[in-house]
Amino acid sequence: MASLLPLRRAPTSLLTSTTSPSSILFTRSLRAGTTIHSTRTFTTRSSSISKRASSSNSILTRPHHHLISISTPSIRHQSTKNNDPPTFRQWGFEDITASLPSTTTNTPTHKPIILIDVREPAELSSTGIIPSAVSVPLASQPDALFLTPEEFETRFGFPKPGVKGEEADAEMVFYCKAGVRARAAAQLAEQAGYEAGRIGVYDGSWLDWAKKGGRVERWEGGDN
């Protein structure tokens with residue numbers, strides 16, 4: 001039976017010459033039954049994670065409520081209110097009929113109004129015109145109400161409506177075929193300096209007038 005030979009411990013010098021200091025430390029630690037923590041690596045990684053977490057938290061928790069758009073309902077409301085077009089009196093068939101010059105002595109007199117037909121001359125030639133109305137075509141003469149009284153009379157051959165004499169404070173009522181041009185003319189009159197309180201619109205205009213059998217005069221002004 002072979003005898004057991006005792007194990008001989010390797011010389012320390014041999015370990016030192018063949019291994020690095022860290023290997024020696026590792027070997028000795030294993031023999032001592034201790035555990036080595038890679039403190040440097042853990043600390044560096046922990047620092048990196050900490051920095052990343054700190055950076056992420058700063059992004060997530062950064063206050064941004066001051067970037068919310070500012071609400072200005074009051075400013076918008078004021079602007080819209082100031083830009084609203086003026087409201088003009090709406091005239092109907094009965095109102096116009098009652099304000100026309102009387103054809104009999106028994107009919108009560110009313111405060112005169114100025115009827116302004118803003119259709120084009122060719123339309124007036126084919127349909128006629130409401131009695132006492134004057135023709136100021138909106139499409140072909142859009143600047144008419146902005147002219148001086150002298151310029152207006154030179155161009156049209158009659159005094160500018162609502163400026164002189166009895167007409168200086170008379171109400172002005174615009175009409176066209178269906179009311180669209182009449183409303184536009186009323187706005188132009190207000191922009192030209194006429195008081196909004198004396199400006200009116202016959203919304204039904206000629207179509208309503210003809211449908212209800214209103215009086216008609218022949219247009220003598222020609223097609224131009």
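Which side chains meet in a salt bridge at 2.9 Å, N to O? They are the side chains of Asp117 and Arg119. The model described here is predicted, and this report goes through its sheet, its nonpolar cores and some of its salt bridges.

## The sheet

Five strands make up an open sheet, and their pairing is parallel. Read across the sheet, the order is E1-E5-E4-E2-E3. Strand E1 (89-91) and strand E3 (134-135) lie at the edges, each pairing on one side only.

Strand E2 (residues 113-117) runs parallel to E3, and two bridges join them. Asp117 has Ser135 in E3 as its bridge partner. Helix H8 (residues 180-191) packs on the sheet, where it touches strand E4 (171-175) and strand E5 (199-202). The direction of H8 makes about 175 degrees with that of E5.

## The nonpolar cores

In soluble globular proteins, nonpolar side chains tend to be buried together. The largest nonpolar core in this model has 22 residues. Ile116, Val118, Phe174 and Ile199 have the most contacts inside this core. Two or more residues come from each of E2, helix H7 (149-156), E4, H8 and E5. H8 gives the largest share, four residues.

Val118 shows how distant parts of the sequence come together: leaving aside neighbours within four places in sequence, its contacts include Val136, Pro137 and Leu138. Val118 is also in contact with Phe174, Tyr175 and Cys176, and with Arg181, Ala182 and Ala185. A second, separate core has 15 residues, among them Leu100, Ile113, Ile130 and Ala133.

## Salt bridges

The whole structure holds seven salt bridges. In the pair named at the start, Asp117 and Arg119, both side chains belong to buried residues. Asp117 counts as buried because its relative accessible area is 0%, under the 20% cut-off. Arg119 is buried as well, because its relative accessibility is 2%.

Another salt bridge links Asp208 with Lys212, with the closest N and O atoms 3.3 Å apart. Asp208 has a relative accessible area of 17%, so this residue is buried. Lys212, at 43%, is partly exposed. A further salt bridge joins the side chains of Arg218 and Glu220 at 3.7 Å, N to O. Arg218 and Glu220 are both exposed.

Technical notes:
Residues are numbered from 1 along each chain as its sequence is written. This is a predicted model: local features need pLDDT of at least 70, side-chain atom pairs count only at pLDDT 80 or more; totals for chains, interfaces and linings use all residues. Side-chain values use heavy atoms; hydrogens and water are left out. Two strands pair if DSSP finds at least two bridges between them. Contact means heavy atoms within 4.5 Å. Axes are lines fitted to C-alpha atoms, for helices over the stretch in contact, and angles run from 0 to 180 degrees between N-to-C directions. A nonpolar core is a set of buried Ala, Val, Leu, Ile, Met, Phe, Trp, Tyr and Cys residues joined through side-chain atoms within 4.5 Å. Buried means under 20% relative accessible area, exposed over 50%, partly exposed in between (1.4 Å probe, protein chains only). A salt bridge is a side-chain nitrogen of Lys or Arg within 4 Å of a carboxyl oxygen of Asp or Glu.
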